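Ready for a few warm-up exercises? Take a look at what comes next, try each task yourself, and then read the solution.

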Amino acid sequence: MSKITVGLVGHGYWGPNLLRNYMELETANPKWVCDSSPDRLKKAVARYPSVLTTTRFEDVLADPEVDAVLIATPISSHHVLAIQALQAGKHVFVEKPLAMSVDECDEMCAAAEERHLVLMVGHTFVYSPPVRAVKRILDSGELGDVYFITCSRVNLGLHQKDVSVVWDLAPHDLSILEYWLGETPLSVQAMGRSCINNGIPDVAFLSVHYASGVIAELQVSWLSPVKLRRTIIVGSKKMLMYDDTESVEKVKIFDQGVDYKDPETFGEFQLSYRTGGIFTPSVDNTEPLSLEAAHFIQCVATGAHPVTDGAAGRSVVAALEAAQRSLDGGVSIANERRGMLYGGPDQQLVGVRKP
Ligand SMILES: NC(=O)c1ccc[n+]([C@@H]2O[C@H](COP(=O)([O-])OP(=O)(O)OC[C@H]3O[C@@H](n4cnc5c(N)ncnc54)[C@H](O)[C@@H]3O)[C@@H](O)[C@H]2O)c1
């Protein structure tokens, strides 16, 4: 397979991770780095002297050798940059979330389809070996029917200037859940609070409901004394914990549960509790980003359809929009006095700003 030439736009916090992984791929040739900040370009050249740099995206698009563009800029610019790249005939990889609205996603998907170009979104965790291992466990039926899932993604994180914690962190869990369950959310309710920056929630709790009956609770926050990346799945047969902060035993299956026994006599109520062993499957520790990058290059080279395609990006954005509508709509306060405990008139109980 001849090398696929790529250009990266956005060399801020995350772009360097993409660049490193594409540099390490034998199948890719990262030729350009574009960033509107010349300082960010100096950092790229210091690390990779062979790379060409520019502050003008048009330079990357005008190079006929460039097959594909990688977009790692702030979310508000994803749509416009992706459309420009697709119109220039380039395949496109866009960091999560795909765009700021479902309408923008639809335009991006249509532009890619019209020109038979690959459009892939960076739902990185879908390529992560422990997430893939959990998918295999769920598909095998070992956990039984999934009752509910809880996800905690909190730490003392970087406060974003333009987007809330929902748009920054929830795409990870929403994309993981969609991959595991094979379904998109039916409804999303969200509650959040802007503790530091007025109007930009830095903590939010999302309640997600799926048609199969599965319910999920997502906790996302940039304010926490500890870093948690923990998901618990409770099934009718077994339970599972996926902890991405663990270096080795990221996935644990618990042979635990409660069974309801059919009553033998009227009025009898019996439950039997199972507290069996804990099993830890061995999981490969390849960096998810390198698997994601290899998949994108493979799709560009062969015309295959990416696992995290434009449609997958769109359904996560649809869930984020629903969460945002819920945040914007506020909460119904059952008890006036209790409501005041949460926030007075000058405090922001729910987010009012779109990213
Ligand atoms: N997959 C993951 O785990 C992961 C982790 C972090 C961030 N991200 C995503 O990566 C993207 C970038 O996030 P970040 O934290 O690196 O942001 P950032 O603000 O640190 O970096 C963005 C860079 O893009 C440049 N830029 C902005 N607009 C530009 C334009 N029009 N043309 C050229 N350069 C431009 C900025 O100068 C900056 O250097 C976001 O979509 C974010 O959600 C993904």
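**Exercise 1. The ligand and its surroundings**

How far does a backbone N or O atom of Ser36 lie from a nitrogen atom of the ligand? Once you have that, work outwards to the rest of the shell.

Solution. Keep in mind that this is a predicted model.

- Step 1: start with Ser36, where a backbone N or O atom is 3.1 Å from a ligand nitrogen.
- Step 2: look for ligand oxygens. A backbone N or O atom of Tyr13 sits 2.9 Å from one oxygen atom of the ligand, and for Thr73 the distance from a backbone N or O atom to a ligand oxygen is 3.5 Å.
- Step 3: ask how much gets covered. On its own the ligand has 850 Å² of accessible area, and the protein covers 78% of that.
- Step 4: widen the view to the shell. There are 18 residues around the ligand, and Tyr13, Trp14, Asp35, Lys96 and Thr124 come nearest.
- Step 5: sort the shell by type, which gives five nonpolar, nine polar and four charged residues.
- Step 6: place the ligand. The space it takes is the largest pocket.

**Exercise 2. Two backbone oddities**

Find the cis peptide bond, then find a residue that has a positive phi although it is not a glycine. Which residues does the cis bond join?

Solution.

- Step 1: recall the usual picture. Most peptide bonds are trans, and most residues other than glycine have a negative phi.
- Step 2: go to Lys96 and Pro97, which are joined by a cis peptide bond with omega at about -20°.
- Step 3: locate Pro97, which is in the loop between β5 (91-95) and α5 (102-114).
- Step 4: move on to His116, whose phi is positive, about 55°. His116 belongs to the loop between α5 and β6 (119-122).
- Step 5: check the surface. With a relative accessible area of 72%, His116 is exposed, since the cut-off for exposed is over 50%.

**Exercise 3. Buried or exposed, and how far apart?**

Place Val166, Thr286 and Ser76 in the fold, then pair each with a partner elsewhere in the chain. Is Val166 buried or exposed?

Solution.

- Step 1: Val166 is part of helix α7 (residues 165-181). Its relative accessible area is 0%, so Val166 is buried. Gly192 is 26 residues away in sequence, and the two C-alpha atoms are 8.7 Å apart.
- Step 2: Thr286 is in the loop between β14 (270-279) and α8 (288-302). Because its relative accessible area is 29%, Thr286 counts as partly exposed. Ser128 is 158 residues from Thr286 in sequence, yet their C-alpha atoms are 7.8 Å apart.
- Step 3: Ser76 is in the loop between β4 (68-71) and α4 (78-87). Its relative accessibility of 45% makes Ser76 partly exposed. Asp243 is 167 residues along the chain from Ser76, with 31 Å between the C-alpha atoms.

How values were computed
Residues are numbered from 1 along each chain as its sequence is written. This is a predicted model: local features need pLDDT of at least 70, side-chain atom pairs count only at pLDDT 80 or more; totals for chains, interfaces and linings use all residues. Side-chain values use heavy atoms; hydrogens and water are left out. Helices (H or I, at least four residues) and strands (E, at least two) are DSSP runs, numbered from the N terminus. Buried means under 20% relative accessible area, exposed over 50%, partly exposed in between (1.4 Å probe, protein chains only). A residue is near a molecule or strand if one of its heavy atoms lies within 4 Å of it. A polar contact is a pair of N or O atoms within 3.5 Å; within protein, one must be able to donate a hydrogen and the other to accept it, and residues adjacent in sequence count only if both atoms are side-chain atoms. Accessible areas come from the Shrake-Rupley method with a 1.4 Å probe; for residues, only the protein chains shown count as cover. On a 1 Å grid over the protein atoms alone, a cavity is a set of points where a 1.4 Å probe fits but cannot get out, and a pocket is an open set with protein on both sides within 12 Å along at least five of seven lines; lining residues have an atom within 4 Å of a point. A molecule sits in a cavity or pocket if more than half of its atoms lie within 2 Å of its grid points. Ala, Val, Leu, Ile, Met, Phe, Trp, Tyr, Cys and Pro count as nonpolar, Asp, Glu, Lys and Arg as charged, and the others, Gly among them, as polar.
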